[in-house]
Amino acid sequence: MTVPGQGFEPATGDGPADLGDAAARARELRTAYEGLLQIRRLVNAGAGTGVPAPWELRQMPRAVALVLEAAGITPSAVDAAGRRTRTGYRVAAAEPGRVEVTWPGPPGGGAAEEEQERLTACAAVLEPMGWECLLYRGPRRRRFLEVEPTPGPPKPTSPGP
């Protein structure tokens with residue numbers, strides 16, 4: 001959903017299931033994703049589109065959610081009371097320089113049984129886009145992806161004396 005003056009907001013998995021007109025959302029998503037790729041081409045001269053742009057590093061949850069949504073992976077959703085209504089990915093800031101991707105769903109909806117497969121699919125989409133993904137098992141034995149920018153090539157150092 002586009003908020004006036006804010007631009008496109010990708011689904012992080014903490015919003016409503018109904019994001020408005022599906023066709024309009026698809027157009028906005030395509031435009032936002034193509035914009036992400038174009039920014040990467042411009043700021044990462046020679047590195048192509050497999051390296052996150054500086055804005056992505058400042059807004060990692062938004063950038064990761066945009067890649068996942070553009071890949072057609074379903075985001076989780078919540079109702080007005082904050083209860084999960086749909087199973088899917090959820091992207092949230094974890095600590096500076098990292099985000100977590102989880103696979104929550106409504107109670108009894110089977111999210112826990114499919115999370116390893118689904119999170120592995122999320123990693124398969126994110127890694128070629130310059131995000132390093134590590135799959136962990138957290139509290140209550142639920143799995144999650146820890147996502148951070150892939151370390152770039154070593155920077156050249158000046159020759160010694």
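In these exercises, contact means heavy atoms within 4.5 Å. Helices (H or I, at least four residues) and strands (E, at least two) are DSSP runs, numbered from the N terminus. This is a predicted model, in which local features need pLDDT of at least 70 and side-chain atom pairs count only at pLDDT 80 or more, while totals for chains, interfaces and linings use all residues. Residues are numbered from 1 along each chain as its sequence is written, and side-chain values use heavy atoms, with hydrogens and water left out.

**Exercise 1. Describe the protein as a whole: its helices and strands, its buried residues and its exposed area.**

Step 1: Begin with the elements. The protein has 4 helices and 8 strands, and along the sequence they follow the pattern β-β-α-α-α-β-β-β-β-α-β-β.

Step 2: Turn to burial. Of the 161 residues, 35% are buried (under 20% relative accessible area; exposed is over 50% and partly exposed lies in between, with a 1.4 Å probe and protein chains only).

Step 3: Add the surface. About 9300 Å² is exposed, and carbon and sulfur atoms supply 56% of it; the areas come from the Shrake-Rupley method with a 1.4 Å probe, and for residues only the protein chains shown count as cover.

Step 4: Finish with sequence separation. Among contacts between residues at least 6 apart in sequence, 48% join residues at least 24 apart.

**Exercise 2. Compare the expected span of helix α1 with the distance between its end C-alpha atoms, then find what covers its buried residues.**

Step 1: The expected span is 1.5 Å times one less than the number of residues. For the 22 residues of α1 (residues 22-43) this gives 32 Å, and the end C-alpha atoms are 31 Å apart, which agrees.

Step 2: List the buried positions. They are Ala-24, Arg-25, Leu-29, Leu-36, Leu-37 and Arg-40.

Step 3: Look for the cover. It includes β2 (7-8), α2 (54-58), α3 and β7 (131-137).

Step 4: Check one more residue of α1, Ala-26. Ala-26 is partly exposed, at a relative accessible area of 36%. Ala-26 and Ala-70 are 44 residues apart in sequence, yet their C-alpha atoms are 8.7 Å apart in space.

**Exercise 3. Work out how α3 packs against α4, and which residues make the contact.**

Step 1: Take the geometry. Helix α3 (residues 60-70) and helix α4 (residues 111-126) pack at about 105 degrees, with their axes 10 Å apart. Axes are lines fitted to C-alpha atoms, for helices over the stretch in contact, and angles run from 0 to 180 degrees between N-to-C directions.

Step 2: Classify the angle. It makes α3 roughly perpendicular to α4 (65 to 115 degrees; under 35 is roughly parallel, over 145 roughly antiparallel and the rest oblique).

Step 3: Name the residues. Val-64, Val-67 and Leu-68 of α3 meet Cys-122, Val-125 and Leu-126 of α4. These contact residues divide into 6 nonpolar, no polar and no charged.

Step 4: Put α3 in its setting. The helix is mostly covered, with 8 of its 11 residues buried; among them are Met-60, Ala-63 and Glu-69. After α3 comes Gly-72, whose phi is positive, near 85 degrees.

**Exercise 4. Place Val-78, Pro-106 and Arg-141, and decide for each whether the residue is buried, partly exposed or exposed.**

Step 1: Val-78 sits in strand β3 (residues 77-78). With a relative accessible area of 14%, Val-78 is buried. Beyond its neighbours within four places in sequence, its contacts include Gly-13, Pro-16 and Arg-84.

Step 2: Pro-106 is in the loop between β6 (98-102) and α4. At 24%, Pro-106 is partly exposed. Setting aside neighbours within four places, Pro-106 contacts Arg-84, Thr-85, Arg-86 and Thr-87; Thr-87 is 19 residues away in sequence and 6.5 Å away in space, C-alpha to C-alpha.

Step 3: Arg-141 lies in the loop between β7 and β8 (143-149). Its relative accessible area of 57% makes Arg-141 exposed.

Step 4: Look at the backbone. Most residues other than glycine have a negative phi. Arg-141 has a positive phi of about 65 degrees although it is not a glycine.

Technical notes. Nonpolar A, V, L, I, M, F, W, Y, C, P; charged D, E, K, R; others polar.
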